[in-house]
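Reader: I'd like to learn how to read a few features off a model. Can we go through them one at a time?

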Amino acid sequence: LWMLERQVVGGEQAKNKDLKEKRKRRKKYADERRLQLVAALQQSNEDSSDWVLLNVYDSIQEEVRAKSKLLEKLRAAETEIKDLQSEFELEKIDYLGTIRRLERDLLLFQQLLDQVQSLVRRDCNYSNLEKIKRESIWDEETGCWKIPEPVIQKTHLP
């Protein structure tokens with residue numbers, strides 16, 4: 001009776017080792033998958049919740065639809081990235097052009113100052129450009145430099 005009971009418990013194939021191994025693997029996989037889903041749901045936010053649930057399907061059609069939606073989102077993200085990269089490239093080109101133009105203007109003004117400095121009288125405070133640079137102050141409110149007024153220093157001989 002005891003031997004018959006052991007054979008009957010678990011169905012007709014209670015002693016089938018392959019079936020027992022298959023059940024163990026399925027149970028182990030289901031437990032692992034459940035733990036992964038629980039962990040992913042705990043860490044997910046509104047945007048990433050779609051990612052977690054895409055891997056649980058009732059039919060192949062649902063899987064195809066979900067993966068198609070995911071593919072569309074990826075393609076949209078890729079095009080957005082390409083658009084942003086081209087926009088940044090255009091801005092970079094514009095900034096480089098502005099920098100080159102400003103460097104040319106600076107060089108022009110520097111050359112003009114070098115030419116004009118020799119024409120300034122020696123008794124004027126503008127004859128020393130380094131001193132003028134030190135005494136100049138940048139005004140944030142107006143967005144321009146406040147430079148000292150030109151003064152001619154007359155020396156009186158005793």
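Reader: Let's start with W138: is W138 buried or exposed?

Author: Neither, quite. In this predicted model, W138 has a relative accessible area of 39%, so W138 is partly exposed. W145, at 53%, counts as exposed.

Reader: How many aromatic pairs does a search of the whole structure find?

Author: Just 1 aromatic pair turns up. The rings belong to W138 and W145.

Reader: And how do I describe a pair of aromatic rings?

Author: You give the distance of the centres and the angle of the planes. Here the ring centres of W138 and W145 are 5.4 Å apart and the planes meet at 70 degrees. Edge-to-face needs an angle over 60 degrees, so W138 and W145 make an edge-to-face pair.

Reader: On to pockets. What is the volume of the largest pocket, and which residues lie nearest its centre?

Author: The volume comes to about 460 Å³. Of the 14 lining residues, those nearest the centre are L113, L129, I132, K133 and I147.

Reader: Which helix gives the most to that lining?

Author: That's α4, with 6 residues. Both α4 (60-117) and α5 (129-135) supply at least two residues each.

Reader: How does the lining split by class?

Author: You get 10 nonpolar, 3 polar and 1 charged residues.

Reader: Last one, the cysteines: how many disulfides does the structure hold?

Author: The count is 0. As for accessibility, C124 is at 12%, which is under the 20% cut-off, so C124 counts as buried. C144 is partly exposed at 37%.

Conventions: Residues numbered from 1 in each chain as written. Predicted model: local features only at pLDDT ≥ 70, side-chain atom pairs only at ≥ 80, totals over all residues. Heavy atoms only, no water. Phe/Tyr/Trp six-rings, centres within 6.5 Å; stacked < 30°, edge-to-face > 60°. Buried < 20%, exposed > 50% of the residue type's maximum accessible area, 1.4 Å probe, protein only. 1 Å grid on protein atoms, 1.4 Å probe; cavity = no way out; pocket = protein on both sides within 12 Å on 5 of 7 lines; lining within 4 Å. Points joined across faces, edges and corners; volume = space filled by probe spheres on them. Helix = DSSP H or I, 4+ residues; strand = E, 2+ residues; numbered from the N terminus. Nonpolar A, V, L, I, M, F, W, Y, C, P; charged D, E, K, R; others polar. Disulfide = S-S within 2.5 Å.
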